[in-house]
Amino acid sequence: MSGILLTVTRPPRQRLDLSPLLPERLAGATLEAIGAIELACGNRRLRVDEVFALAPSESAGLVIRNGDAKLDHVGHEMSAGELTVEGDAGAYAGLAMTGGRLTIRGHAGPFAGAAMQGGILEIMGNAGDWLGGGLPGERRGMAGGLILLRGDAGQRAGDRQRRGIILIEGNTGDFLGARMVAGTTIVLGAETGRYPGFAMKRGTLLLSRRPRQMLPTFTDAGRHELGFMNLLTAYLAPHSVKLAAVAPGLMELRRFTGDAAAGGKGEILAAAD
Amino acid sequence: MNINGVAIEDTFAEAFGMRATRLIVTADTAQWAETAARSLTGFATSVIACGCEAGIERYLAPAATPDARPGVSILIFAVNSKELQKQLQLRVGQCVLTTLGSACFSGLDAPERVKLGGQLRYFGDGFQIAKKIGEKRYWRIPVMDGEFLCEDEVGMTRAVGGGNFLILAKSRSAARAAAERAIGAMTKLPNIVMPFPGGVVRSGSKIGSKYKGLPASTNDAFCPTLRAETASKLPSEAAAVLEIVIDGLTAEDIAASMRAGIAAACSAGESGGVLRITAGNYGGKLGQFKFHLHELMA
């Protein structure tokens, strides 16, 4: 047995906390032992085998089949290995993960990749609000790693981002990169909602189109060819066919600096029109 | 031993442990990348007075550089890591940062690191931007033609400096031709540089001097004009001696380059005017590395 397959057979009525199910923790454990792990579900605790059918898997790592939007905390603090959700995931997917690869083949709920510090989080569908953001009350959002979102993101993606790269192939909601401190968030979709970069101190928002509605506290610094774009697109091209296709159009960018209300050292780079 | 009629003396070159790094300098055009590299590696012939020894290792096509632009690979050698750090900061700061359209990257993956952009970033006066891409961190330093992109740290390795051999010839033109053949063959090899002008040094030195405070002075034993007044090591027909000094990342790299260089210097045979190949050493007491010519050319 090289991997473990958990198939949801009795979907939970309440939200189910999957944080104990990490590939690095389950490696080497017997199916009986895994089945006996207790998961928080609302105000009750459920054994893994009350929700999932357990089976060995040919593919490496941990696979969760029949994913459901009620499955929260998938890959919480994951540090190594591979975890794949075939279907949707709930809130907090990849929360504070430090390594490994978490793949969600469906949609993810809010706070996906929040407080992430390392590893790769890939979401094939859409993500909810606060993608790569920080938990309420925390001063910092994502602080490392790579988020690849194939679909659209909700509001406040990259909120308080400190480091790392978020690549969104689709569109985003309002307040993209709000309160950003550093790092890079890239949006390939045409729509980036209202007020990207609200209160950003530093960091880079790279957009395939100039935002429709921009804050007055961002200032146009003109069109530029920036040398680091070659490195960034070369690094991300293997992760995103869509980025590789549009990369030539990102060599010349219009640079807006802001948010002047928060120091003004951040930048929105938009493909020059 | 002789090769094509050229005598190979039974002696050895003596070389020393050094610290080295490799930089990749890129620019908008190959010409400007070379301009930056030549400026950076200027006045870097000998650690005796230059602080470091440096040279161009090879020219890189855009496909071989981190930012897909034409580039030059440079090796820099210093006596210790502190001096290497100092020379990197001075030379990249004054010669690459200042060159139009340039960027500078680490060309050596090694666990030991020295700062590069991490020091130069202060030139940005607070407007500099750090970008971590993958495992590497870069600095975007605003300059008047856009941004100077510079890797935060470069790898550092233990290396070998001072591999050498001397070409004794009947005339200066014969010595020059042989040295040019040798340099032509050696510059094709990786991991080495010949730090002297054109790769060749005509003012070989001995340790010490009759003048107080001078650490080195002319190697009178190899000066053909002094044959009559000093303990000359030159055969009577010798009229010119040229030395080729090699710094390499490993002893094997230096050995390979000496082998190629000596073979090329001897390739024209006796008719080429080359009399003898020898090497410089200090009796074997100072350097950690010895390159015996007969073993190399066996």
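Which residues of helix α1 (residues 30-40) of chain B are buried? The views below take that up first, after a quick word on the model. This is a predicted model, in which local features need pLDDT of at least 70 and side-chain atom pairs count only at pLDDT 80 or more, while totals for chains, interfaces and linings use all residues. Residues are numbered from 1 along each chain as its sequence is written, and chains are lettered from A and ligands numbered from 1 in the order in which they are written.

**View 1. The buried side of helix α1 of chain B.** The answer is Ala33(B), Ala36(B), Ala37(B) and Leu40(B). Buried here means that 20 or more other C-beta atoms lie within 10 Å of a residue's own; exposed means 12 or fewer, partly exposed is in between, and C-beta atoms are placed from the backbone. Helices (H or I, at least four residues) and strands (E, at least two) are DSSP runs, numbered from the N terminus. The four cover an arc of only 95° around the axis, which puts them on the same side of α1(B); the arc is that of the directions from the helix axis to the C-beta atoms. Among the elements covering them are β3 (12-26), β4 (53-60), β5 (71-78) and α2 (81-96) of chain B, going by contacts, that is, C-beta atoms, placed from the backbone, within 7 Å.

**View 2. Strand β12 of chain A, buried from end to end.** Six of the six residues of this strand (residues 163-168) are buried, so the rest of the structure largely encloses it. Arg163(A), Ile165(A) and Leu167(A) point one way, Gly164(A), Ile166(A) and Ile168(A) the other. That fits the usual pattern: in a regular strand the side chains alternate between the two faces of the sheet. Strand β11 (residues 143-149) of chain A runs parallel to β12(A), joined by five bridges, and strands count as paired if DSSP finds at least two bridges between them. Look for Leu148(A) with its bridge partner Leu167(A). β12(A) also pairs in the parallel sense with strand β13 (residues 184-187) of chain A, over four bridges, and there Ile165(A) has Thr184(A) as its partner.

**View 3. The largest nonpolar core.** This set has 166 residues, and those with the most contacts inside it include Leu167(A), Val25(B), Cys150(B) and Ala169(B). Such a core is a set of buried Ala, Val, Leu, Ile, Met, Phe, Trp, Tyr and Cys residues joined through C-beta atoms within 7 Å. Ala169(B) is in contact with, among others, Ala174(B), Ala238(B), Gly273(B) and Leu275(B), leaving aside its neighbours within four places in sequence.

**View 4. Where chain B touches chain A.** Here 13 residues of chain B are in contact with twelve residues of chain A. On the chain B side, β8 (129-133), β9 (136-143) and β10 (146-151) each give two or more residues. That side divides into six nonpolar, two polar and five charged residues, where Ala, Val, Leu, Ile, Met, Phe, Trp, Tyr, Cys and Pro count as nonpolar, Asp, Glu, Lys and Arg as charged, and the others, Gly among them, as polar.

**View 5. Tyr282(B) in its loop.** Tyr282(B) lies between β16 (274-278) and β17 (289-292) of chain B. Tyr282(B) is exposed, with 12 other C-beta atoms within 10 Å. Not counting residues up to four places away in sequence, Tyr282(B) touches Glu14(B), Ile207(B) and Gly287(B). The C-alpha atoms of Tyr282(B) and Ala13(B) are separated by 8.7 Å, though the two residues are 269 apart along the chain.

Technical notes. Two residues are in contact if their C-beta atoms, placed from the backbone, lie within 7 Å.
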